[in-house]
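Please look over the structure shown below with its sequence to hand. The report that follows takes up charged pairs, strand pairing and the nonpolar core in turn.

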Amino acid sequence: MRLELQVGLGAGELRSLQGWLRADPVVRRSVVVGVRGGVPGPGDMGTVLDVLELVTGNGWNAASFVLAVAAWRQSRPQRPRVEIRRGETVIVLAEGSEEEIARAVRALEAIGGGEGGDR
């Protein structure tokens with residue numbers, strides 16, 4: 001399954017989340033994290049980081065993934081909004097509440113993101 005993550009507050013936060021997910025042993029075993037660059041704006045050099053692309057594999061666990069993203073948000077001084085997209089489905093983590101995390105897990109499992117890889 002392919003997912004896209006967008007993070008409020010810019011490319012620095014996107015890089016931080018990328019590093020966090022790559023460092024998490026549970027997520028690292030079942031998710032490949034890459035970056036898709038955008039077109040540079042006026043005055044920018046090189047590409048602009050727009051989106052983290054994730055490809056899930058065997059052993060994918062939506063709850064572990066959402067908890068890793070929520071933990072990263074808690075570590076940030078401004079707790080940026082995170083959007084997780086698959087096709088037309090958009091899951092938003094903005095509050096960090098237990099209810100929001102549970103909704104995100106259910107939504108990912110509903111679109112094929114539960115354990116067991118691509119569906």
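With which residue does E13 form a salt bridge, and how far apart are the closest N and O atoms? The model discussed here is a predicted one, and in it the partner of E13 is R76, with the closest N and O atoms 2.7 Å apart.

## A salt bridge between distant parts of the chain

The pair formed by E13 and R76 links distant parts of the chain, since E13 lies in helix α1 while R76 sits in the loop between α3 and β4, 63 residues apart. The two partners fall into separate accessibility classes: E13 has a relative accessibility of 15% and counts as buried because that value is under 20%, whereas R76, with a relative accessible area of 21%, is partly exposed.

## A network of charged side chains

The structure holds three salt bridges, and R81, E83 and R85 are linked with one another in a network of such bridges. On one side, the side chains of R81 and E83 meet at 3.0 Å, N to O; on the other, E83 forms a salt bridge with R85, for which the closest N and O atoms are 2.7 Å apart. As a general point, side chains of opposite charge can pair when their charged atoms come close.

Is E83 buried or exposed? At 14% relative accessibility E83 counts as buried, while R81, at 43%, counts as partly exposed, and R85 is likewise partly exposed, with a relative accessible area of 28%.

## Strand pairing around E83

E83 also has a place in the pairing of strands, for it belongs to β4 and stands opposite Q6, and it stands opposite V92 in β5 as well. β1 and β4 run antiparallel and are joined by four bridges, and the pairing of β4 with β5 is again antiparallel, over five bridges.

β4 and β5 together form a hairpin that has two residues between the strands, and in its turn G87 has a positive phi of about 60°.

## The largest nonpolar core

Which residues have the most contacts inside the largest nonpolar core? They are L5, L21, F65, I84 and L108, in a core of 28 residues. Two or more residues come from each of the strands β1 (2–7), β2 (31–38), β3 (48–56), β4 (82–86) and β5 (89–93), and also from each of the helices α1 (11–23), α3 (62–75) and α4 (98–113). Of these elements, α3 gives the most to the core, with seven residues.

I84 shows how such a residue is surrounded: when residues up to four places away in sequence are not counted, I84 touches L3, E4, L5, F65, T89, V90, I91, L93 and L108. Among these contacts are L5, F65 and L108, which are named with I84 as having the most contacts inside the core.

## I101 in helix α4

I101 lies in helix α4 and, at 16% relative accessibility, counts as buried because its value is under 20%. Leaving aside neighbours within four places in sequence, I101 is in contact with V66, L67, A70 and G96. For one of these partners, A70, the separation of the C-alpha atoms from that of I101 is 7.5 Å, although the two residues are 31 residues apart along the chain.

Technical notes:
Residues numbered from 1 in each chain as written. Predicted model: local features only at pLDDT ≥ 70, side-chain atom pairs only at ≥ 80, totals over all residues. Heavy atoms only, no water. Core = buried A, V, L, I, M, F, W, Y, C linked by side-chain atoms within 4.5 Å. Buried < 20%, exposed > 50% of the residue type's maximum accessible area, 1.4 Å probe, protein only. Contact = heavy atoms within 4.5 Å. Salt bridge = Lys/Arg side-chain N within 4 Å of Asp/Glu carboxyl O. Pairing = 2+ DSSP bridges.
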